[in-house]
Amino acid sequence: MGCCSKRSPTTKRLCALGSATSVCVLALALGFLWPALVWQIAKNELVLEPGTEVYDNWFNPPIDTYLEIYLWNWTNADGALQGTEGYKPHLEQLGPYTFIEQHKRVNLEWNDDDDTLTFQQQRIWHYLPEKSVGDYENDRVITINPVLLTVGYALRNEPIFLDYVDQTIMLNNLASSPFYDVPVREMIFDGYDDSLLTNLLVLLALIPPEARPPIDLPPYDRFGWFFGRNESETYDGTFTIGTGKDNVQNTGVMRLWNGENATKYYRGECGRMRGTTGEVWPPFGRLRGTPPNVTVFAPDVCSSVTLQYFEEVERFGIDGFRWIGNDRVFDNGVHYEETACQCTAEDESSCPVLDNGAMDVSRCKFSAPATVSFPHFYLANDSYLTGVSGMNPNAEEHRFEMELEPYTGVPLGVKAQLQVNLDVREYGMTLLKGIPEVMLPVLWFRQTASLTDELADDIKLILMLPDIGVYVAYALGAIGIVGMVLALYFSVTRWKLETTDRAALE
């Protein structure tokens, strides 16, 4: 208001009130427009494009990911075929055998016509003895023979082929037991040299494709749950995701898997490409109300897993949200109609085939009678729990969790965990005669990752920017209000007196 000091009282009033009003208007404009301006600038960094921080963190992840693998040891397998009344498999948990997991993106192809990115991912694991329980090199595990079980399951509706294969197995002593008793390292990554698998691959190669039985064995001469996966560029498939260049809400969203927008393994919505790969998420922006559910595409089950919003969390001084896997994830249409498409029966009228809590992944996993559930049958039907002993489901230990910072969509932490089970039955195989009919857990794994302090500081800075403008607006607004008060005060006191004095002198 110093600029008005040498002017007439009326001019001083107008100048002072105008200046104060201008400051208030500027404060209002800054308060309303600054967050939107920051959001527009931030969106340019939240797309998958070389040079952005999101792309750099996706292409070369700066955080450590760990894979913990637990195996289920069938401790009383020697009594499984004796038909003892009340017999049930007793399972002992081995592990965790912990590995550090590195992700590499390979064979990138940018699709400018629809703003998508096609790539493959190479996952590399290194064993960490200091984070493991047990002796990875020397521990042994007893479990069902998965190759024998797969042969019976795949040929269960082909009695002629089944009988021929069964006789071939027995006459040539291709398998002598329905069980594996093998080193842990072979059951996980190294693979077990199974003569049954080797000879079946040779046998199938001799049969013309048009006459070949409906069995889809893995293209390996050894069996291991993770055999052939370490450093493989092709095992997880080919992904096509949105870059977000057209719309930031498309960042990381799945469009195609192996060139298709739906899988052949499940019907309807269960087979459609949904969600993200779990490492890049579209930003939510400023949320109002209950956060939406989030969906992760999991190549291990050839389908998407939808997590439900659970609660607010704080990590590294950053406010975020937590989503969890609840009983809807593997419901099979038992309690939730929208999950009925998880049923893989040829005749839909026979669905649901499985009780809730374990989803059939046989078509996805080389025709093996495999299902996926949460560890220890957490949230699963009691029929699975009563079929075996040794399960201790616990929400804190076995819940699938994802934590995100909503404004940027950056993951704060993840604890993804699933259990692989085999639907054990005789399936017409001689070696499986008398085997108890149970859903048998064979392993479960936990994948964890957490934000680093350095990334947390970057996110805090981004989150502070919208508030900085608002705080400046508050300060300017306060200055403007004080200016108005002073202008009114001087108008009715000092400047009014000056006007009176001038009139008296005239």
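Student: Which handedness does the crossing of α3 past α6 have?

Tutor: Good place to start, keeping in mind that this is a predicted model. The two helices are α3, residues 146-154, and α6, residues 195-206. Where α3 passes α6, the crossing is left-handed.

Student: Are α3 and α6 parallel, perpendicular or oblique to each other?

Tutor: Their axes come within 9 Å and cross at roughly 40°. Angles under 35 degrees count as roughly parallel, and 65 to 115 as roughly perpendicular. The angle here fits neither class, so α3 and α6 are oblique.

Student: How many nonpolar, polar and charged residues form the contact of α3 with α6?

Tutor: From α3 come Val147, Leu148 and Val151. They meet Leu196, Leu197 and Leu200 of α6. Valine and leucine both count as nonpolar, and the contact divides into no charged, no polar and six nonpolar residues.

Student: Let's move to glutamate 403: is it buried or exposed?

Tutor: Glutamate 403 lies in strand β13, which spans residues 401-405. Leaving aside residues up to four places away in sequence, its contacts include Val313, Arg315, Phe321 and Arg322, along with Val410, Pro411, Leu412 and Gly413. Its relative accessible area is 5%. Buried means under 20%, so glutamate 403 is buried.

Student: And what share of the residues in the protein is buried?

Tutor: The protein has 506 residues, and its secondary structure comes to 11 helices and 15 strands. It exposes about 24,300 Å², with carbon and sulfur atoms supplying 53% of that area. As for the residues, the buried share is 50%.

Terms used. Residues numbered from 1 in each chain as written. Predicted model: local features only at pLDDT ≥ 70, side-chain atom pairs only at ≥ 80, totals over all residues. Heavy atoms only, no water. Helix = DSSP H or I, 4+ residues; strand = E, 2+ residues; numbered from the N terminus. Buried < 20%, exposed > 50% of the residue type's maximum accessible area, 1.4 Å probe, protein only. Areas by Shrake-Rupley, 256 points an atom, 1.4 Å probe, with all protein chains shown as cover. Axes fitted to C-alpha atoms, helices over the stretch in contact; angles between N-to-C directions. Parallel < 35°, antiparallel > 145°, perpendicular 65-115°, else oblique. Left-handed = near helix turned anticlockwise from the far one by under 90°. Contact = heavy atoms within 4.5 Å.
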